[in-house]
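Here's a walk through one chain, taken a piece at a time. Keep the viewer open as you read, and turn the model whenever a new element comes up.

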Amino acid sequence: MAQRQRRAFFSLFILLALAGAHGDSAMKTMEEFSGYPPESDDAGDLGSLSFSVDNNSLERQIDELAGFSDTSAPSVTRIIYSKNDVLARRYIKNLMGISGLSVREDAVGNIFGRWEGSHPELKPVATGSHIDAIPYSGKYDGVVGVLGALEAINALKRSAVSF
């Protein structure tokens with residue numbers, strides 16, 4: 001995939017995640033899932049915000065994470081509890097910490113980052129998953145969701161979203 005296509009993919013992925021694609025059915029699903037009524041003032045107005053996705057940083061993080069592999073590029077092999085898996089989890093936890101998230105890891109290697117808002121009555125924004133990789137997978141398998149969610153949180157922070 002050409003560099004320009006990858007950047008377009010990442011931007012679209014993050015913007016769709018952030019804005020719900022602005023389609024009627026997507027917005028309805030988001031409203032139902034959030035628990036906010038469609039006309040609620042509490043739902044906020046994300047349409048007036050400008051989100052900035054850092055494509056270069058996201059691509060660099062994906063490439064760096066792919067380097068924690070037991071096989072050579074372009075494949076990635078990261079078996080849970082292997083040396084490269086432990087190093088990769090440390091890398092992700094560090095990125096979450098740099099983003100100001102509280103971080104925890106469960107017994108099977110899932111990593112969770114949590115962004116506490118300034119209003120304790122509101123629920124935090126959280127993300128998490130595993131980053132181990134089956135033998136000979138690609139560098140995007142699974143990690144785009146993990147790193148994409150982290151970039152979505154960072155984009156919200158850069159846009160001065162508060163809750």
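Before we get to helix packing, a quick word on how the angles work: each axis is a line fitted to C-alpha atoms, for helices over the stretch in contact, and the angle between two N-to-C directions runs from 0 to 180 degrees. Two packed helices are described by that angle together with the distance between the axes. Bear in mind throughout that this is a predicted model.

Start with the layout. The chain has five helices and five strands, and if you follow the sequence from the start they come in the order α-α-α-β-α-β-β-β-β-α. Of the 163 residues in the chain, 37% are buried. The surface left exposed comes to about 9,800 Å², with carbon and sulfur atoms supplying 56% of it. Contacts reach far along the sequence, too: take those with a separation of 6 or more, and 60% of them join residues 24 or more positions apart.

Now for the helix pairs. Try α4 and α5, whose axes sit 10 Å apart at an angle of about 15 degrees. Angles under 35 degrees count as roughly parallel, so α4 and α5 are roughly parallel to each other. The crossing of α4 past α5 is left-handed. Zoom in on the contact and you'll find I92, L95 and M96 on the α4 side, meeting V146, L147 and L150 from α5.

Next, swap α4 for α3 and keep α5 in view. The axes of α3 and α5 are again 10 Å apart, with an angle of about 140 degrees. Roughly antiparallel would take an angle over 145, so α3 and α5 are oblique to each other. Here the crossing is right-handed, with α3 passing α5. From α3, the residues in this contact are L58, Q61, I62 and L65, and they meet V143, V144, L147, G148 and E151 in α5.

What lies inside? In soluble globular proteins, nonpolar side chains tend to be buried together. In this chain, the largest nonpolar core has 23 residues, and those with the most contacts inside it are L65, I92, I131 and L147. At least two residues each come from α3 (55-66), α4 (83-98), β3 (111-115) and α5 (143-158). The largest share belongs to α5, with seven residues. L65 makes a handy place to stand and look around: leaving out residues up to four places away in sequence, L65 touches R78, A88, Y91, I92, I131, V143 and L147.

Let's move on to the backbone oddities. Most residues other than glycine have a negative phi, and most peptide bonds are trans. One exception is the peptide bond from A73 to P74, which is cis with omega near 15 degrees. P74 belongs to the loop between α3 and β1 (76-78). Is P74 buried or exposed? P74 counts as exposed, because its relative accessibility of 75% is over the 50% cut-off. Even so, P74 has company from elsewhere in the chain: it touches S137, G138 and K139, not counting residues up to four places away in sequence. P74 and Y136 are also 8.5 Å apart in space, C-alpha to C-alpha, with their positions 62 residues apart in sequence.

Two phi values are worth a look as well. Y81 has a positive phi of about 75 degrees although it isn't a glycine, and you'll find Y81 in the loop between β1 and α4. A160, in the segment after α5, likewise isn't a glycine and has a positive phi, near 65 degrees. A160 is exposed, since its relative accessible area is 63%.

Last stop: P135, in strand β5 (residues 133-137). P135 has a relative accessible area of 47% and is therefore partly exposed. Its contacts beyond four places in sequence are with V76, T77 and I79. P135 and T71 are 64 residues apart in sequence, yet their C-alpha atoms are 8.2 Å apart in space.

Note on methods:
Residues are numbered from 1 along each chain as its sequence is written. This is a predicted model: local features need pLDDT of at least 70, side-chain atom pairs count only at pLDDT 80 or more; totals for chains, interfaces and linings use all residues. Side-chain values use heavy atoms; hydrogens and water are left out. A nonpolar core is a set of buried Ala, Val, Leu, Ile, Met, Phe, Trp, Tyr and Cys residues joined through side-chain atoms within 4.5 Å. Buried means under 20% relative accessible area, exposed over 50%, partly exposed in between (1.4 Å probe, protein chains only). Helices (H or I, at least four residues) and strands (E, at least two) are DSSP runs, numbered from the N terminus. Contact means heavy atoms within 4.5 Å. Accessible areas come from the Shrake-Rupley method with a 1.4 Å probe; for residues, only the protein chains shown count as cover. Angles under 35 degrees count as roughly parallel, over 145 as roughly antiparallel, 65 to 115 as roughly perpendicular and the rest as oblique. A crossing is left-handed if the near helix is turned anticlockwise from the far one by less than a right angle, and right-handed if clockwise.
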